[in-house]
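Got the viewer open? Keep the selection box handy and follow along, one stop at a time.

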Amino acid sequence: MTLVQDTPAPPRTAVRRGLLRTGPWSVRYDARSLAVCTVLALLTASAMVLALGTGGYELTPAQVLRTLAGDGPPGAEFVVLDLRLPRALVAALVGFALGTAGAVFQSLTRNPLGSPDIIGFGNGASAGALVAIIVLDAGAAQTAVGAVCGGLATATAVYLLAWKRGVHGYRLVLVGIGASAVLGSATSYLYVRADIGKAAQAATWMIGSLNARGWSDVRIAALGLVLLVPVVLACGRRLTMLEMGDDTAAALGVPPERSRLVLLSAGTGLTAMAVAAAGPIPFVALAAPQLARRITRAAGPGVLPAGWTGALLVTAADLITQRATGSAILPVGVITGVAGGGYLAWLLRRERQGARL
């Protein structure tokens, strides 16, 4: 789905595509992608309802829906609205942000491994948040600021180091992997210098967890989506043009470096806000765009399908952690890490087989 300014265009003949006009703007959409987004949103909502009913105080989906409507069983309102709903919303919002950011980075680098957790941007946000937690003894708001600053600082450093008459995808990935290793060492150093209490708090947060999430975390994740997803959608046409190469994009009137810088900033901001809200949940940004592209079978970055796929992955992983352990103690990052590691092995094997053909 791409947001572009309304200009005269010849009639479209492809039956899978449509054009929705709203004043001076128009939204071009792919019918299959729109249907996939709708199905993914419904599945995400269903997983959230099941998660809201899971725990020591069991509720059926019907009871959860009645509670959300204000007519639930006695005591259910406190459990659902105050204890469980913030966690479920954070899962969906963080998953959407990571899926969207992954689609942006993979499109810019033209590489399936070009996700923020592979090229170091997620690690930069994590390092910034750890500095706020361990060094500055910061609260939730200050930790969010630290994550955003760390992510943006890492993105700036990687961008400048990868610059050589422009930034190309393979250089961005290689420099980002190196930056990720350096940031991993910096994170280990912070653990060594921290006292036991702060180190334990940071270690739990670094795994990627939805435990004890509150409405402040919901606001952090929602703020990132409200501010940055419209930027990504507004630059959707530019992102599609950049996939064709800088020369082609420039010939079509798209300034490559300026567009790349805006999109990198937006993707980094989404990653940082997601990390600030729930910690670094691994492999969601890597897998969601690839899965979305295979489901929609559509060309282009597929930002919205990737976002909804990420939301479903995180909410489903959170539901699995609660159903499998009977509690919410197991961090959701453990489930996504195991599943993502298997997906990465399959992806590398597939790429290797393709290179032999």
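Which side chains meet in a salt bridge, N to O? Before you pick them, bear in mind that this is a predicted model. Now select D318 and R87: their side chains form the salt bridge, with 2.6 Å from N to O. Side chains of opposite charge can pair when their charged atoms come close. Don't go hunting for others, since a search of the whole structure turns up one salt bridge, and a side-chain nitrogen of Lys or Arg has to be within 4 Å of a carboxyl oxygen of Asp or Glu to count.

Zoom out and colour the two helices. D318 sits in helix α13 (residues 303–325) and R87 in helix α3, so the pair links distant parts of the chain, 231 residues apart. Switch on a surface next: D318 counts as buried because its relative accessible area is 2%, and R87 is buried too, at 8%.

Stay with helix α3 (residues 76–109) and go to T109. Where does its side chain reach? Show the backbone of F105: the T109 side chain gets to the backbone oxygen there, at 2.8 Å. T109 is buried as well, with 4% relative accessibility.

Last stop, the outside. Select V131, V135 and L136 together, and you have a nonpolar patch on the surface with about 270 Å² of accessible area between them. Click on L136 by itself and you land in the loop between α4 (121–135) and α5 (140–161). Is L136 buried or exposed? Exposed, because its relative accessible area is 60%, and the cut-off for that label is over 50%.

Notes:
Residues numbered from 1 in each chain as written. Predicted model: local features only at pLDDT ≥ 70, side-chain atom pairs only at ≥ 80, totals over all residues. Heavy atoms only, no water. Patch = residues over 30% accessible without salt bridge, like charges linked within 9 Å, V, L, I, M, F, W, Y side chains within 5 Å. Areas by Shrake-Rupley, 256 points an atom, 1.4 Å probe, with all protein chains shown as cover. Helix = DSSP H or I, 4+ residues; strand = E, 2+ residues; numbered from the N terminus. Buried < 20%, exposed > 50% of the residue type's maximum accessible area, 1.4 Å probe, protein only. Polar contact = N/O pair within 3.5 Å; in protein donor to acceptor, adjacent residues only side chain to side chain.
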